[in-house]
Structure formats: structure tokens, C-alpha cells
Amino acid sequence: MSLLSNLAKLSLQPVRSIHQTIPNASSVFMKRQKKIDPEVAKQREARRRKRLEKEIRQMQKHSKKPKPVDELTLDVKSAKNIEERRRPPTELSLEQIDERAVALKDYSRSRQALQREDDAWIRGAIESQRKALSELKKLSPTLYTAAVQPAPNDLPLTIQGPSLTPPIKNYVAPDGDYIDTTRNWAA
């Protein structure tokens, strides 16, 4: 009787017949590993190591070459007629040197005069603003206090104060984020 009751219990419970295997071992795309002779494997490893050492030597040999600068490279056409392209050094006469010095002084004077005019305009604007505020203070103190208050909506300004923690000694701050646009030259 107990055997029948056990069989009845088994039939009422859901059947779980899930079989799991390691996915890598049973993958369709995985190739079977062929048995390789140890001597052949050693030879392949030696060849691979030798090729890598050769590439490292080549990289070290070419690493000492400076990177080419595009502006300094000379094309073949220009290199052939380089003597025709050379210009003799220009020699200025004393009159030309004097003319250039006078022109430079005139330019400096005009820039200085323009700077003085800008400063006078700014000082005049500040002075007229100060006078207008003093007159407004005499007429209506409430309007004066409203005029002196900064406008909250004019500039979106957010200010954060210093942190409460002291700085870490000998801390090297990392550089900011940047996009590396360095060109690579293959040897």
C-alpha cells in the first residue's frame, strides 16, 4: 500500500526533466581540439615567440624616429627646384626702417588714445549712475533700495562654497576629460 501511495504522490507533482550542460563545451560553434604532438606545439610556440621578438625590435628601432610634422614636409616637386625658390634676405634701407618705426609709434599712439576714450566713457557712465542713485535716494528711499538690489533673474548664477574637508597632502589631481586627436603613423 505504501508503494502505491508513493507512486500516486509522484504522479501529482510536476515533472522536472531539465538537463543542463556547460554551454561552452556543447556549443555548435566550438571546434573540437585536435591532439597536437608536443614537439609541433613547441615549434609553433618558438616561431610565434621569435616573430613577436622581431616585431618588438622593429618597434624599438622606429620609436626613436620623430613624428612627421605636416607643415615641415617638403614634396618632391618643390625639392627639385629648391634653389629657384630661395629668396635673398631683404635688406631695409635706413629710410624704410625709420618709416616703419614712425608707423609703429603712430599705431601705438592711436591705440592709447582709443583706450583713454574707452576709460573716460566708462568712468562717465559710472559717475552718472552714482549721481542718479543719490538723487533717487533723496526722492524716494524705497525706490532706491529696490534699485540697488540685484536682479535675481538677470544672470543664472550658482555659487558653491569651499568644501569642509581639508585638502589631501601630495594629491595629484587627474587631468580633465579630453578627446585624444593624436595621429598615429605606422612605420
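The following legends describe close-up views of salt bridges and of a surface patch in a predicted model.

**Figure 1. Salt bridge between Arg49 and Glu45 in helix 2.** The view centres on one of the six salt bridges found in a search of the whole structure. The side chains of Arg49 and Glu45 meet with an N to O distance of 3.9 Å, and this pair counts as a salt bridge because the cut-off is 4 Å. Both residues belong to helix 2, which spans residues 38–63. Their positions are four residues apart, about one turn of the helix. Arg49 has a relative accessible area of 47% and is partly exposed. Glu45 is likewise assigned as partly exposed, at 34% relative accessibility.

**Figure 2. Salt bridge between Arg109 and Asp106 in helix 5.** The closest N and O atoms of Arg109 and Asp106 are 3.2 Å apart. Helix 5 covers residues 94–139 and holds both partners, which are three residues apart, about one turn of the helix. Arg109 has a relative accessible area of 52% and is classed as exposed because this value is over 50%. Asp106, at 41% relative accessibility, counts as partly exposed.

**Figure 3. Salt bridge between Arg130 and Glu127 in helix 5.** Arg130 and Glu127 are joined by a salt bridge in which the closest N and O atoms are 2.4 Å apart. Within helix 5, the two residues are three residues apart, about one turn of the helix. Arg130 is partly exposed, its relative accessible area being 48%. Glu127 is also partly exposed, with a value of 32%.

**Figure 4. Network of Glu45, Arg48 and Arg49.** Salt bridges with shared partners connect Glu45, Arg48 and Arg49 into one network. The pair shown in Figure 1, Arg49 and Glu45, lies in helix 2. Side chains of opposite charge can pair when their charged atoms come close.

**Figure 5. Nonpolar surface patch of Leu92, Leu94 and Ile97.** Leu92, Leu94 and Ile97 together present about 300 Å² of accessible area at the surface. Leu92 is located in the loop between helix 4 (82–85) and helix 5. With 37% relative accessibility, Leu92 counts as partly exposed. This value satisfies the patch criterion, because residues of a patch must have over 30% relative accessible area.

Conventions
Residues are numbered from 1 along each chain as its sequence is written. This is a predicted model: local features need pLDDT of at least 70, side-chain atom pairs count only at pLDDT 80 or more; totals for chains, interfaces and linings use all residues. Side-chain values use heavy atoms; hydrogens and water are left out. Buried means under 20% relative accessible area, exposed over 50%, partly exposed in between (1.4 Å probe, protein chains only). Patches are made of residues with over 30% relative accessible area and no salt bridge: like charges are joined within 9 Å, nonpolar side chains (Val, Leu, Ile, Met, Phe, Trp, Tyr) within 5 Å. Accessible areas come from the Shrake-Rupley method with a 1.4 Å probe; for residues, only the protein chains shown count as cover.
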